[in-house]
Amino acid sequence: MVNVVSILLLYGLVATCALKLTDPNEPDTYEYTSQLRPLGLEFAEFFKNVTLESLGVSDSKLASAKDVLCMAKLAAVMIGLSSRQIWALKMIDSWGTVPSGLLTGNVYDLGNFDECLSINKVISGQRITGKYCFLLANKMRIATCFPASCSSTQMEPFVKKLMALVHLNSSSIDMRISDASCQTSEIEPWDGLTIFTIVILSLMTVIVISVTIFDYFLFDDHKNLPALVKAFSARANSRALFRIVPNKSNSNVIECFHGIRCMTLFWVIYSHEFIFYLVSPNLNTNDLYSWSVTPFSSFVLHGYFSVDTFFVLGGLLVSMIALRHMEKSGGRLNPLLMYLHRIIRILPVVAIAIVIYMKMMTVISGGPMFKNGYHGMENCENGWYWTLLFIQNYAVLNICLDHTWYLAVDMQLFIISPILLMALYKWGKKAAAGIAVLVVLLSGCLFATQMVNHYSLLIKNKDGNDGVANQKLYLATHTHAVPWLIGFLFGYFLYINRERKFQLSRPTVWIGWLLSLAMLFASIFALYPASKWTAPPLSTLEESLYYTLTRLAWPLAICWIIFACMQGYGGLANSFLSTPLWQPLSRLSYSMYIWHMFVQEVNVRNVRTNTYFTNYIVMQRFWYDIGFTALMSYFLYLIIEAPLCGFDSLLRPRKDPPATNQAYTISNESNMENRDHDDQSDTEKNPINISEVPK
């Protein structure tokens, strides 16, 4: 997700690449680079007469069987090279060299990964296969290829000799072979959790296919499907997912929600593309530094405002839909049932996501940068249970599935919502005034936290407490309660004025739009001059005011856009946001939120050659990843999310009015528009869940 850690990472990495890479002013830089020969040739020359001493074994009596085996394989490679055998030439040909473009930030030479791993030759009864490893030279990563029988430890003496051969000063350049990066063509056996994940996905796929066939041949009337068939049938779920509901078919529907959700989801995924480009083997990583101080970069660096958009939507839907239900049920509200339905909808999908992220990346893909799969593997192994308990934003600094911090915050706010709902229903405007006071108090708490502790979210103001500041300022629930409560109050406003048509003059409408747009663009661009590396640093007071006030300005602007579109003052904005074509993607948006980072990481780490960074290329990658994310999300929606939602619907009393079914879960809250339409049976099992699509 694009949280503050990601933004700091963006600033920090580009600064590091720009300032700490090989310094062209260093006197020996040109001498070093001019004398470096292709490392594969150096390797071949060095091992022409391979001996145990070459491997660092001074006494042949102390040589282990592994040392002898490695020496024999290296000797076979040399014999193969002298006789120009293709398999041996491949081992040298697949090596990388000192990256070209060091001064533009290129620190990778990936060589030829597949060529190295394709080596498989039997010589004198011994099988020789290739092992691909990175040679680490300070910040550089250079591809190497050895016989698989040789370990990185056995190659260390070679590295030390290689430094002398290429005239590199060992005191300034630390060269070693990264054992953690080594890969061979041998497939590692699956562990128990990987097997379990594959079995679960395969079993669900078989069930869905079987029920879909059953549905297709035995049921002509889709409106009278049995509940279990409706839950598991891909045909029924696809019909509901891609169903287009005409606008104005229900006066209670907020039609612009679909467009707001989808556009914000696009913003989320597009911003993440830039984050993942930081770990790409870019030829021009230094350009990220210059890009980060351009006005356009503000849309990405401050893309975390999309979180506030979804908090506004989430709070609005909780209050408006639940109050409708309470009105029809005489003020009754069952918090335990609310929590149960929410957990059924959210928890299993998150649990499946954890194991898929951890175990399936290396199963479905591979490449020179794909040794360990998911970047947060260690965090998940050590703290997966915090994510399932929805308290990971407080429990740990390094979150398993880092974009799920939002689920924790949203769940914690949802837990307190019954208290606020009952207060609103019982005391009305007095309770609303109390909630408004709470908004002010929470804003003051945020301001005081930043002022007292001198926390900063700008990398140039950092003093080493990045992780703590991120947890206290960004991941903490109370810092996001303000936009959620503003949305909650706005939902109450819409509820009590649900039949009212506001007559606004043209100047009033223009003032409303100008103020809302001013708040939106000021939130994004207010720090632009101050965020430049050459600009004077912001004081703690200035940054605290910015961070606190934008938590108020952004949600208020979003509320105006929704209000204007509902009341007929949206103009072109309403026409765009309310088009029915957004509906299918909006229903799929929760799945896309859960899975898009899986697709992005797979695509960014299975590259075989260097990448190049420009805004246009990132946009190309964005649409590429959007397509694969939509396909993956649709598949997993059919076999995971939709069946679970169907199970959730079985727990609902069939005698309840439609509004009752809308009061309990995020899924229902987000799908308010569809559930308020007449075909309740088709839509009740297809949640949108978009109120959980943060950055």
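This passage describes the nonpolar cores, selected helices, cysteines and two further buried residues of a predicted model.

The largest nonpolar core of the model comprises 139 residues, and the members that touch the most others are Leu316, Tyr357, Leu421, Ile562 and Trp595. Helix α14, which covers residues 305-328, makes the greatest contribution to this core, supplying 14 residues. Apart from this core lies another, of 40 residues, which includes Ala88, Tyr108, Leu110 and Ile177. In soluble globular proteins, nonpolar side chains tend to be buried together. The surroundings of Ile562 illustrate the packing at one member of the 139-residue core: when neighbours within four places in sequence are set aside, Ile562 is in contact with Ile254, Cys256, Phe257, Ile260, Leu313, Leu316 and Phe490.

Helix α14 also meets helix α19, and the axes of the two come within 10 Å of each other, crossing at roughly 35 degrees. The crossing of α14 and α19 is right-handed. On the side of α14, the residues that take part are Val307, Phe310, Phe311, Val318, Ser319, Ala322, Leu323, Met326 and Glu327, while α19 contributes Trp405, Tyr406, Val409, Asp410, Leu413, Phe414, Ser417, Leu421, Met422, Leu424 and Tyr425. Leu421 of α19 thus appears in this interface and is also among the residues that touch the most other members of the largest nonpolar core.

Helix α4 consists of 18 residues, from 65 to 82, and at 1.5 Å a residue it should span 26 Å; its end C-alpha atoms are 26 Å apart, so the model agrees with the expected span. The buried residues of α4 are Asp67, Cys70, Lys73, Leu74, Ala76, Val77, Met78, Gly80 and Leu81. After α4 comes Arg84, which has a positive phi, near 60 degrees.

A search of the whole structure for disulfides finds 4. When the bonded cysteines are counted along the chain, the pairing follows the pattern 1-5, 2-4, 3-6, 7-8. A disulfide is a covalent bond between the sulfur atoms of two cysteines.

One of these disulfides is formed by Cys116 and Cys145, whose sulfur atoms are 2.1 Å apart. The torsion about the S-S bond of this pair is about 90 degrees, and the disulfide is therefore right-handed. Distant parts of the chain are linked in this way, since Cys116 belongs to helix α6 (residues 113-117) and Cys145 to strand β4 (residues 140-147), 29 residues apart. Cys116 counts as buried because its relative accessibility is 0%, and Cys145, also at 0%, counts as buried for that reason.

A further disulfide is formed by Cys133 and Cys182, with sulfur atoms 2.0 Å apart, and with 115 degrees about the S-S bond this link is right-handed. Here the distant parts of the chain that are linked are two strands, with Cys133 in β3 (residues 126-137) and Cys182 in β5 (residues 175-184), 49 residues apart. Both Cys133 and Cys182 are buried.

Cys380 is joined to Cys400 by a disulfide with an S to S distance of 2.1 Å, and this link is right-handed, with 90 degrees about the S-S bond. Because Cys380 lies in helix α17 (residues 377-388) and Cys400 in the loop between α18 (392-395) and α19 (405-427), the pair ties together parts that are 20 residues apart in sequence. Cys380 and Cys400 are both buried.

Cys256, by contrast, has its closest cysteine sulfur in Cys565 at 4.4 Å, which is too far for a bond. Cys256 counts as buried because its relative accessibility is 2%, and Cys262, with a relative accessible area of 0%, is buried too.

Two further buried residues were examined in their surroundings. Asp215 is located in helix α8 (residues 192-218) and, at 1% relative accessibility, counts as buried. Beyond its neighbours within four places in sequence, Asp215 is in contact with Leu225, Val229, Ser233, Arg235 and Ala236. Thr285 is found in the loop between α11 (256-277) and α12 (286-291), where, with a relative accessible area of 9%, it is buried. The C-alpha atom of Thr285 is separated by 9.7 Å from that of Gly101, although the two residues are 184 residues apart along the chain.

Technical notes: Residues are numbered from 1 along each chain as its sequence is written. This is a predicted model: local features need pLDDT of at least 70, side-chain atom pairs count only at pLDDT 80 or more; totals for chains, interfaces and linings use all residues. Side-chain values use heavy atoms; hydrogens and water are left out. A nonpolar core is a set of buried Ala, Val, Leu, Ile, Met, Phe, Trp, Tyr and Cys residues joined through side-chain atoms within 4.5 Å. Buried means under 20% relative accessible area, exposed over 50%, partly exposed in between (1.4 Å probe, protein chains only). Helices (H or I, at least four residues) and strands (E, at least two) are DSSP runs, numbered from the N terminus. Contact means heavy atoms within 4.5 Å. The expected span of a helix is 1.5 Å times one less than its number of residues. A disulfide is a pair of cysteine sulfur atoms within 2.5 Å. Axes are lines fitted to C-alpha atoms, for helices over the stretch in contact, and angles run from 0 to 180 degrees between N-to-C directions. A crossing is left-handed if the near helix is turned anticlockwise from the far one by less than a right angle, and right-handed if clockwise.
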